[in-house]
Amino acid sequence: MGHQQAINEYARKHGFQQFCPKAVFFDMDGVIYDSMPNHAKSWHEAMAHYGLVMPPEGAYQYEGMRGVETIKLLARQQWQRELSDEEAKEMYAYKSATYAACPPASQMPGVKTLMQQIKADGLKICVVTGSGQHTLLDKLLTDFEGLLTEELIVTAFDVKHGKPSPEPYIAGMQKAGTQPWESIVVENAPLGVRAAIAARCFTIAVNTGPLPDAALQSEGADLIFSKMTDLSDQWSQLLKR
């Protein structure tokens, strides 16, 4: 589907009279940073430590959810019981420590160039992540100084319900002062796409992981790119009206 056709279909689907982007909302893991391989490894190892099965590919399946929610879901499925918040937080802290021991994740190729174009176009740049790891959030502000600000970052601490609930993107739009037809989301995960679509944002999926495009398409992504550099290269065409 061409860019203009996708935009027209988006407006028709939601009954919007216009599409006039004022902000772009980026997921973090697998979009800004090539961090999902580290997350997959640390989820697998940390959950095995507690006796839960989490295959590495499961990290992509549940990506976008708040960590404590993922752990509670696994326990519900495998242990048939509800974990307390304290239990889930302790297990997530262990997972976070396991992740922190991995080599630092590199920036996703093309993402900084894309952000520079977005800033030059006068749009706000926001981050909406299910992460609650302070070290990662501090790294964001350092690595993208001049492009990102703390006021336009939504984390696990800002919401009660993480993705696939639309709450994180609704919170992001409130921080940015935008309406859905003024908001573009860049996601890589099925649950993140589901959250953005539920918030009625124009949703671009960049398939940086091992899942098939169909996993993103079935959640309603308006456009799908195979890598961030492709989106960066085509950004100017996307904004042409």
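In this predicted model, S232 is buried, with a relative accessible area of 6%. The residue belongs to helix α11, and its contacts, leaving aside residues up to four places away in sequence, are G110, T113, L114 and Q117. Helix α11 itself covers residues 228-239 and lies across four strands, namely β1, β4, β5 (202-206) and β6. Relative to β5, the helix runs at about 150°. With S232 as a starting point, the description can move from this helix to the sheet beneath the same set of names.

The sheet is open and is formed by six strands in the order β3-β2-β1-β4-β5-β6, with parallel pairing. The edges are taken by β3 (153-154) and β6 (223-225); each of these has a single partner strand, so one side of each is left without a neighbour in the sheet. As general background, strands of a sheet pair through backbone hydrogen bonds, either parallel or antiparallel.

A walk along the sheet can begin at the β3 edge. Strands β3 and β2 run parallel and are joined by two bridges, and here V128 has V154 of β3 opposite it. Strand β2 (residues 124-128) is in turn joined to β1 by four bridges, again in a parallel arrangement. Within that pairing, F25 faces C126 of β2, the two residues standing opposite one another. On to the next partner: β1 pairs with β4 (residues 183-187) in the parallel sense, over four bridges, and A23 is found opposite S183 in β4.

Strand β1 (residues 23-26) deserves a closer look. In a regular strand the side chains alternate between the two faces of the sheet. In β1 both faces are covered: A23 and F25 are buried on one side, and V24 and F26 are buried on the other.

F26 also leads from the sheet to the nonpolar interior. The largest nonpolar core has 40 residues, and F26, I32, L140 and F202 are the ones that touch the most other members. Leaving out residues up to four places away in sequence, F26 touches V31, I32, V111, L114, M115, I118, I125, C126, V127, V128 and V186. Another core lies apart from this one; it holds 20 residues, including A59, V68, M91 and L191. For context, nonpolar side chains in soluble globular proteins tend to be buried together.

V68, one of the residues named in the 20-residue core, is also among the buried residues of helix α4. This helix spans residues 67-79, 13 residues in total, and reaches 17 Å from its first C-alpha to its last, close to the 18 Å expected at 1.5 Å a residue. Its buried residues are G67, V68, T70, I71, K72, L74 and A75. An α-helix has 3.6 residues a turn, so residues three or four places apart point the same way. The buried residues of α4 pack against three other helices: α2 (36-50), α3 (58-62) and α5 (85-100).

Directly after α4 comes Q80, which sits in the loop between α4 and α5. Its phi is near 55°, a positive value in a residue other than glycine. Is Q80 buried or exposed? With a relative accessible area of 61%, Q80 is exposed. R200 offers a second example of a backbone with positive phi, about 70°, although R200 is not a glycine. This residue lies in the loop between α9 (190-198) and β5 and is partly exposed, with a relative accessible area of 37%. A further backbone feature occurs at P164, in the loop between β3 and α8 (167-176): the peptide bond from K163 to P164 is cis, with omega near 15°.

The cysteines complete the picture. How many disulfides does the model contain? The count comes to zero. C20 is in no disulfide, and the nearest cysteine sulfur, belonging to C201, is 13 Å away; a disulfide would need the two sulfur atoms within 2.5 Å. C20 counts as partly exposed at 26% relative accessibility, whereas C102, at 11%, counts as buried.

Note on methods
Residues are numbered from 1 along each chain as its sequence is written. This is a predicted model: local features need pLDDT of at least 70, side-chain atom pairs count only at pLDDT 80 or more; totals for chains, interfaces and linings use all residues. Side-chain values use heavy atoms; hydrogens and water are left out. Buried means under 20% relative accessible area, exposed over 50%, partly exposed in between (1.4 Å probe, protein chains only). Two strands pair if DSSP finds at least two bridges between them. Contact means heavy atoms within 4.5 Å. Axes are lines fitted to C-alpha atoms, for helices over the stretch in contact, and angles run from 0 to 180 degrees between N-to-C directions. A nonpolar core is a set of buried Ala, Val, Leu, Ile, Met, Phe, Trp, Tyr and Cys residues joined through side-chain atoms within 4.5 Å. The expected span of a helix is 1.5 Å times one less than its number of residues.
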